[in-house]
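Me: I have a model open in my viewer and would like a close look at one part of it. Could you walk me through the sheet and whatever packs around it?

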Amino acid sequence: MLWYKAWLETRWRFVFMVGSILLIWLTPLWLPSFGFRLPQGVPASKIWMGVHLGSVLLYIIAANFLAGSGVNSQTTYAAASGFHGSMFFTLSLPVSRRRLLLVRAGLGALLTSALVAVLAGYTLLQRPGGASSFEVVEYVARSIVCTMAVYALSVLMACVLDEMWQFYATSFFWMAFYLAQSRLAVIAWISPLRGMSLFSYPANAPMPWAPIVASLAFAGICLCASVLVLQRKEY
Amino acid sequence: MNEMIIAADGLSKSYDGKPALRSLHLEVPRDSICGFLGRNGAGKTTTLKLLLGMLRRDAGSIQMFGEPVDSEASSIAARQRVGFVSEDKDLYTFMNVDQTIRFTRAFFPAWRRDLEEKYLDLFQLPRKKAVPKLSKGMRTQLMLLLAMARGAELLIMDEPTSGLDPAMTEDVLQILADLAASDGTTIFFSSHQLAEVEQICDRVCIIDQGQAVIAGELDDLKADYRRVLLVFEGTPPHELASLPGIDHLSQRGRTASLLTHGDVGALVDRARELGPSSVEVRSVTLKELFLDHVRGE
């Protein structure tokens, strides 16, 4: 039933993300009715580049948005009292905090993966010249794995910060990381952000194992840290 | 001697170096209704959270149902047998009554459908009504249902009647008394409402500044404690303070008020030697016991 609770808790976030993605995808259909036209002569590859960058940004937003994990997600910072009481109801149940976290984080990870899979597949299929099934599967898989690094950090942040600050802190971290990877080769080599990119690692190139392994390791560390934080936390 | 459902000893807890509990000793026997009284910030909620594993203690020990609660596993085992009603009565805002019941039911194999139906009928809780649309009284009722239908042996409640109107308060108290009488459920609840504690509790524990200052059977306490009022012709003599067996002394004008327990006769005899113009011995109410111990009035 923890899965059920996690789904009820997350479903509107998921619907919001699906709605946002659909809105972005459908934008080219309704923009012309407002008189907006793309300038003549823009190469299709350039338009696709924009679509791709937008998709990568959406991976990160989706991961951040769906990662309101841990019992802290039941808190609303009321004027004076601090924590919202439903957290106390959860903590009074005969369930370990580790299980509480893992179920909630697991469901969020599944939903994030589903969104990333659709986005990544769509993006690659839109590429001028198309893509083979193998390329799609390969790109979807590594996009999901690399997004899990973003997701797991958000889970960790959600264990120590309230939801608003979790979103800001994680976004700030990845912005700083993006700047760092353009200056330090070693960071660029293992960067999950580059792992998601079809420019850094085209779909028909060899699998970018360094970002994949680094993302998995980083996600694992963040998840373990989240469990430890939650187990030690006092309410 | 009754089996202790809750037995805490030397329980201490500090927040940022400021002590909230100081070597608290607490015992709640099986089948009792125990009121946990104290001023704001006395340490009541901290104690309840420690019992439920929401906080970690700095020192001391906790036993629940005769088993030590010293790890997450033992805390989970204890929580399997406990129903909890929090002060705010907040439940999941993304569920309705029925979803909340089904969710909670899944964690308790001994869930009693008969009690679920009984209390749904009694409280007239609409299954499909969303939790945010429930009044505070209805949320209290739903929390009581969730606590009772799980077949809990112990109900821990943090100010269960706060925010309820008098009629609803009376209903809740009646339900608790019935529950203790019919199902043998032990009830341990914190409250500021001395009248309601006096109404349904057979045992009280008064806590002040993190320490239990008085605890025991309510009837025994009332029988044991006495107030001795001494009226003097002039200002009461200073020697009063040195009389043996005084729990608390206060003076107002020519009148001295002594709270004592045990051998009242001996105290009265000694007090008469100080020459009061009148001596009166009265029984005490819970309110007097509470105020004398926590306010030092």
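Reply: Happy to; what follows is a tour of the open sheet in chain B, then a short look at where the two chains touch. Please keep in mind that this is a predicted model.

Let's start with the strand order. The sheet in chain B is open and built from four strands, arranged S12-S13-S11-S14 with antiparallel pairing. Strands S12 (246-252) and S14 (278-283) of chain B are the edge strands; each has a single partner strand, so one side of each is left without a neighbour in the sheet. On average, neighbouring strands here are turned by 20° against each other, direction ignored.

Now zoom in on one edge. S12(B) pairs with strand S13 (residues 255-261) of chain B through six bridges, in the antiparallel sense. Within this pairing you can find Arg252(B) opposite Thr255(B), the latter belonging to S13(B).

Next comes the helix on the sheet. Helix H9 (residues 264-272) of chain B lies across three strands of that chain, S11 (225-231), S13 and S14. Relative to S11(B), the helix H9(B) runs at about 10°.

Finally, the contact with the other chain. Here 21 residues of chain B are in contact with 18 residues of chain A. On the chain B side, helix H2 (residues 72-79) gives the most, with three residues. That side has 12 nonpolar, seven charged and two polar residues. The partner, chain A, has nine helices and zero strands, and buried residues make up 39% of its 235 residues.

Notes: Residues are numbered from 1 along each chain as its sequence is written. Chains are lettered from A and ligands numbered from 1 in the order in which they are written. This is a predicted model: local features need pLDDT of at least 70, side-chain atom pairs count only at pLDDT 80 or more; totals for chains, interfaces and linings use all residues. Two strands pair if DSSP finds at least two bridges between them. Axes are lines fitted to C-alpha atoms, for helices over the stretch in contact, and angles run from 0 to 180 degrees between N-to-C directions. Two residues are in contact if their C-beta atoms, placed from the backbone, lie within 7 Å. Ala, Val, Leu, Ile, Met, Phe, Trp, Tyr, Cys and Pro count as nonpolar, Asp, Glu, Lys and Arg as charged, and the others, Gly among them, as polar. A residue is buried if 20 or more other C-beta atoms lie within 10 Å of its own, exposed if 12 or fewer, and partly exposed in between; C-beta atoms are placed from the backbone.
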